[in-house]
Amino acid sequence: MVTGDAAYIKKMNRSLIIQTIVNERMISRADLSKATSLTRATISAQVADLLEEGLLREIEHEHSSVGRKPIMLSLNAQAGYAIGIDLDYGEISFTVTDLLGKPVSSKTVTLETPEYPEIVRLLARHIRAYIEEYKQSRYGIVGIAIAIHGLVSKRESIHFVPRFRWHHLNLKKDLENEIGQDIPIFLENNANLSALAERVFIHHQTNNLLCVTLYSGIGLGMIINNEFFQGHDGFAGEAGHMIVVPDGRLCNCGNKGCWEKYASESCVFESLAKCKQVKYVTYEYIQKLLAESDEETERIMEQFIYYLAVGINNIINLYNPEVVVLNSRLLGMHPDALGHIQQHLRSSISHYRQLSLSPIGKKACILGACALAITHFLDVPIVNLPYEP
Ligand SMILES: [Zn+2]
């Protein structure tokens, strides 16, 4: 099995080299050898292959003061493109990025129907148009990843999407049949993809990150040792249904007192609408009330933050994460949301290094989708990509 071992080692080295070049953005062959602890000969042979494949570019370094300008290597970001899709209720968003995760095209399509066959055809139509648009690049579309707002099994089929009332659907296979091309398609839960985006675009130093997404419900994405923590079937992270108030508010899941009935943004919207006797509440309206130091709004926000902290405390104690990211537009409107949450996290048992607000916001899951397709194409476990707001 010598040949097999040699091929495996070559593949591992290739992965390490690509990962290092992407993370460093630009690096010389000599520094690449130092950073990877691979010999100059190995680097030279692998880099020659990668240049031949069009995945790398050579650039003369501009800032060298004396002597010959060193030749630097960087990823050829325009060698291929990834499609990220956010399949949300009521609208589908598409983003195409280059291989460094830089968005080159985005659009959102209003969804008139929850009917599965129609949605498959709509997705396929847009995907085929992108395949056509980017076919001039060396690799064209290298992968398509779709964020599902529901349960996705480890075999990447849809188990359940509550708002569409979809059960047991193999969207991956149905799309592959509809598109008829050999491009990898991935399905992943939106909270997991949001967590991946935080890791890949923002928190480059950690391999251990939890991301709590708070909009209509609460999603928890977990990256542990740079992999999704998925559980036995792929359904881990349904933190929104932790019971935080025994016998509390009735939840759609059938239980009472679930976390997302107290600490999702929807709860704040509902409570405020009731309190102010208005039909709709918008972010702008809440911002205005907070700016006026409206007492009722402040009380509702404090209650939201209190229950949020109750759940975060439970999660921290379960996972001992390094980084906890909160993705919520409402928290960003509060003058000191993190400070107030931290005041409720004083248990001597709770350990985490950093609690932060997501700078990416609602785009996180779609950028995470693109990152998933990119890491798969480059065959690297994880990469650090630049984030441009
Ligand atoms: Zn529930």
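Strand β5 (residues 91-98) is largely enclosed by the rest of the structure, because 7 of its 8 residues are buried (buried means under 20% relative accessible area, exposed over 50% and partly exposed in between, with a 1.4 Å probe and protein chains only). Strands here, like helices, are DSSP runs numbered from the N terminus (E, at least two residues, for strands; H or I, at least four, for helices). The model is a predicted one, in which local features need pLDDT of at least 70 and side-chain atom pairs count only at pLDDT 80 or more, while totals for chains, interfaces and linings use all residues. Residues are numbered from 1 along each chain as its sequence is written, and side-chain values use heavy atoms, with hydrogens and water left out.

Strand β5 has partners in β4 and β6, where pairing requires that DSSP finds at least two bridges between two strands. With strand β4 (residues 81-88), β5 pairs in the antiparallel sense over 8 bridges, and Y81 stands opposite D98 of β5. The hairpin of β4 and β5 has 2 residues between the strands, and G90 takes a positive phi near 95 degrees there. Strand β6 (residues 103-110) also runs antiparallel to β5, joined by 7 bridges; K107 in β6 is the bridge partner of F94. In the hairpin of β5 and β6, with 4 residues between the strands, G101 has a positive phi near 75 degrees.

Further along the chain, an open sheet of 5 strands has the order β14-β13-β12-β15-β16 and mixed pairing. Its edge strands, β14 (227-228) and β16 (354-357), each pair on one side only. Within this sheet, β12 (residues 208-214) and β15 (residues 323-327) are parallel and share 5 bridges, with L210 partnered by V324 in β15.

A zinc ion is also present, and the atoms that coordinate it are H241 (ND1), C251 (SG), C253 (SG) and C258 (SG), at 2.0 to 2.3 Å. Donors are N, O and S atoms within 2.8 Å of the metal (3.2 Å for Na, K and Ca); water is not among the atoms, so sites may look incomplete. The 4 donor atoms make angles of 105 to 121 degrees, and the site is tetrahedral (for four donors, all angles between 85 and 135 degrees). Along the chain, the donors follow the spacing H-x9-C-x1-C-x4-C. H241 and C258 both lie in the loop between β14 and α7 (260-263), 17 residues apart. H241 is partly exposed, with a relative accessible area of 27%, whereas C258 is buried at 0%.

Note on methods: Four donors count as tetrahedral if all angles lie between 85 and 135 degrees; four count as square planar and six as octahedral if opposite donors are over 155 degrees apart and all others between 65 and 115; anything else is irregular.
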